Amino acid sequence: MKGRATWDVRATNFAKKTFNPIRDIVENMNITPHPDKPMIALSIGDPTVFGNLRPAESVVDAVVDSVRSGKNNGYVPATGTLQARQAIAEYMTCPGAPVEAKDVIICSGCSCSLDLCVSVLCSPGSSILVPRPGFPLYTTLAEGFGCTSKYYNLLPEKNWQVDLVHLESLVDDTTVAIVINNPSNPCGSVFPKSHLRAIADIAVKYKIPIIADEIYDNFVFEGEEYHPIASVHPELPVLACGGLTKRFLVPGWRMGWIAVHDRNGAMQEVLGCLRTLSQRIIGSNTIVQGALPDILSKTPQSFFDDTLKQIQVNARYCYESVQKMPGLTPILPQGAMYMMVRINMDEFPEFATDLEFVEAMVAEESVFCLPGKCFNIKNFFRIVLTVPEETMKVACQRMTSFCIAHHTGQKQTKIHEDSISNSIQTEEPTINEIDESPKTNGNSANGYHINGKTNGMHEPTHRRINELDVEPSVKNPTGMNEKLRSCEDANVDDLVDDMECD
Ligand SMILES: *Cc1c(COP(=O)(O)O)cnc(C)c1O
């Protein structure tokens with residue numbers, strides 16, 4: 001018999017395996033702000049939402065001109081226009097790592113760049129090495145292909161540098177790539193050249209290419225230096241992923257790229273296949289491609305300096321402030337937009353996990369930070385530093401009150417290495433992050449359904465943890481809905497709450 005007897009329409013395993021645990025974590029958290037205190041979301045990794053950081057005028061003008069010219073409305077090559085690729089090649093070229101237009105693939109945001117890199121390298125049974133703590137997208141992308149993520153540790157007591165011995169120990173016959181994220185989300189760390197070289201040496205020793213997530217290129221504070229990893233070793237093949245998103249403050253414009261640093265022909269097949277893969281999505285939008293030569297060459301240095309200055313002011317203030325809070329140990333960032341804070345859990349016996357700590361801070365002080373769990377590390381939380389200075393001050397005051405109210409025992413001023421290594425999870429969790437916004441709109445596991453903009457868009461939904469939250473398997477013994485939720489909720493990004501900040 002042809003066809004099916006019933007409408008048994010199935011999604012692919014690939015689609016079902018694609019899922020976003022950060023959303024899962026956040027949606028299953030009890031994020032109920034204090035009714036008398038406006039929410040301060042130090043959780044949202046989108047620098048545009050607070051209104052204090054805006055793109056450069058010249059960048060906006062370039063896009064307006066691009067639209068008005070009428071020249072950028074048609075189809076262009078799937079890898080991007082020659083002019084745009086040339087502009088990226090010039091932008092990415094640095095001493096020791098020349099890039100030509102033919103080495104560039106233009107993508108719809110850096111996430112798409114990473115997607116293509118994973119697609120071209122990861123097959124069933126392979127593995128990639130990814131940072132912990134780290135951005136969870138790498139794992140999400142790899143898992144769809146049946147590729148395992150293995151987590152190499154970053155060391156908080158060494159400014160989150162890579163534990164090189166651990167990294168090397170994870171390399172085996174299945175390893176197809178090492179993912180490096182420098183500067184780092186969530187750590188705000190910036191690797192010195194010598195450290196990048198040490199990582200490169202390991203990659204070259206075992207002939208493993210690097211996928212470099214360099215979306216925070218040049219996003220480093222005063223006195224720090226940014227080095228693309230491709231520039232530190234002449235024999236290291238690198239797929240360098242970048243874009244306008246963070247440095248130019250335009251995440252919604254979806255402009256990202258891959259610069260392929262081929263070394264001795266090692267990446268020829270991969271480069272060819274990246275070009276083929278780009279035909280699946282036909283690149284980034286042509287309006288921004290048309291504006292790219294101006295954006296990349298004419299944005300005044302003062303724009304970058306001003307952005308970084310604001311973030312650095314927040315970083316210093318927040319670091320000093322958190323240092324004084326009993327029970328917390330901040331790790332000073334050198335760049336990007338984030339700071340990680342260690343919770344000395346022994347000093348907060350009320351809370352069993354970072355998640356509980358973060359939930360209580362929302363409930364009592366309406367300050368929301370993402371728990372370390374979202375980045376695969378225990379006993380930390382991440383603070384976003386792109387909020388207005390005044391908001392940061394209020395947030396710090398409230399966090400101080402919270403810590404004083406719940407802290408017991410002596411403030412530990414020094415990080416104990418034992419407790420740090422204990423905070424590194426030993427199991428292999430699968431977590432990813434795409435959307436970092438707080439969701440107060442509930443979820444299907446809890447009897448809520450996200451469909452359309454109906455659930456708590458403007459006022460917090462007062463959710464309580466119930467037994468379904470802690471025991472999803474009771475309701476859902478197969479775990480199927482958990483996996484499917486990411487497909488169902490594909491439009492959940494539209495539901496970002498307006499978190500008011502005073
Ligand atoms: C924001 C971010 C990205 C994704 O950027 P898009 O260009 O918006 O896709 C990739 N990697 C890291 C570490 C990020 O923080």
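Two strands are said to pair if DSSP finds at least two bridges between them. This criterion underlies the description of the sheet in the present model, which is a predicted one.

The secondary structure of the protein comprises 17 helices and 14 strands. Of its 502 residues, 46% count as buried. Among the contacts with a separation of 6 or more, 75% are made by residues that stand 24 or more positions apart.

Eight of the strands form an open sheet with mixed pairing, in the order β2-β9-β8-β7-β6-β3-β4-β5. Its edges are β2 (104-107) and β5 (161-162), each of which pairs on one side only. Strand β9, which follows β2 in the sheet order, pairs with β2 in the antiparallel sense over four bridges. Within this pairing, the bridge partner of Cys107 is Gly256 of β9. Strand β8 (residues 238-243) likewise pairs with β9 (residues 256-261) in the antiparallel sense, over six bridges. Here Gly243 has Gly256 of β9 as its bridge partner, and Gly242 stands opposite Trp257. Gly256 is thus a bridge partner of Cys107 and of Gly243.

The surroundings of β9 were examined next. Six of the six residues of β9 are buried, so the strand is largely enclosed by the rest of the structure. Both of its faces are covered: Gly256, Ile258 and Val260 are buried on one side, and Trp257, Ala259 and His261 are buried on the other.

Helix α4 (residues 82-92) lies across β2, β8 and β9 and runs at about 110° to β2. The buried residues of this helix are Ala84, Arg85, Ala87, Ile88, Tyr91 and Met92. These residues lie on the same side of α4, because they cover an arc of only 155° around the axis. They pack against β2, β8 and β9, and also against helix α10 (286-298).

The loop between β8 and β9 contains Lys246. In the UniProt record, an unreviewed entry, this residue is covered by the annotation "modified residue: N6-(pyridoxal phosphate)lysine". A residue is buried if 20 or more other C-beta atoms lie within 10 Å of its own. Lys246 has 24 C-beta neighbours inside 10 Å and therefore counts as buried. When its neighbours within four places in sequence are left aside, Lys246 is in contact with Pro47, Ile215, Tyr216 and Phe219.

A second helix, α12 (residues 354-365), was examined in a similar manner. At 1.5 Å a residue, its 12 residues should span 16 Å, a value that agrees with the 16 Å between its end C-alpha atoms. The expected span is 1.5 Å times one less than the number of residues. The buried residues of α12 are Asp354, Leu355, Phe357, Val358, Met361, Val362 and Glu365. Because these residues cover an arc of only 165° around the axis, they are placed on the same side of α12. Their packing partners are the strands β11 (338-343), β12 (367-368), β13 (370-371) and β14 (380-384), together with helix α13 (389-406). Just after α12, Ser366 takes a positive phi of about 55°.

Notes. Residues are numbered from 1 along each chain as its sequence is written. This is a predicted model: local features need pLDDT of at least 70, side-chain atom pairs count only at pLDDT 80 or more; totals for chains, interfaces and linings use all residues. Helices (H or I, at least four residues) and strands (E, at least two) are DSSP runs, numbered from the N terminus. Two residues are in contact if their C-beta atoms, placed from the backbone, lie within 7 Å. Axes are lines fitted to C-alpha atoms, for helices over the stretch in contact, and angles run from 0 to 180 degrees between N-to-C directions. A residue is buried if 20 or more other C-beta atoms lie within 10 Å of its own, exposed if 12 or fewer, and partly exposed in between; C-beta atoms are placed from the backbone. The arc is that of the directions from the helix axis to the C-beta atoms. UniProt positions are given in the numbering used here, feature names are shortened, and annotations may be inferred rather than shown by experiment.
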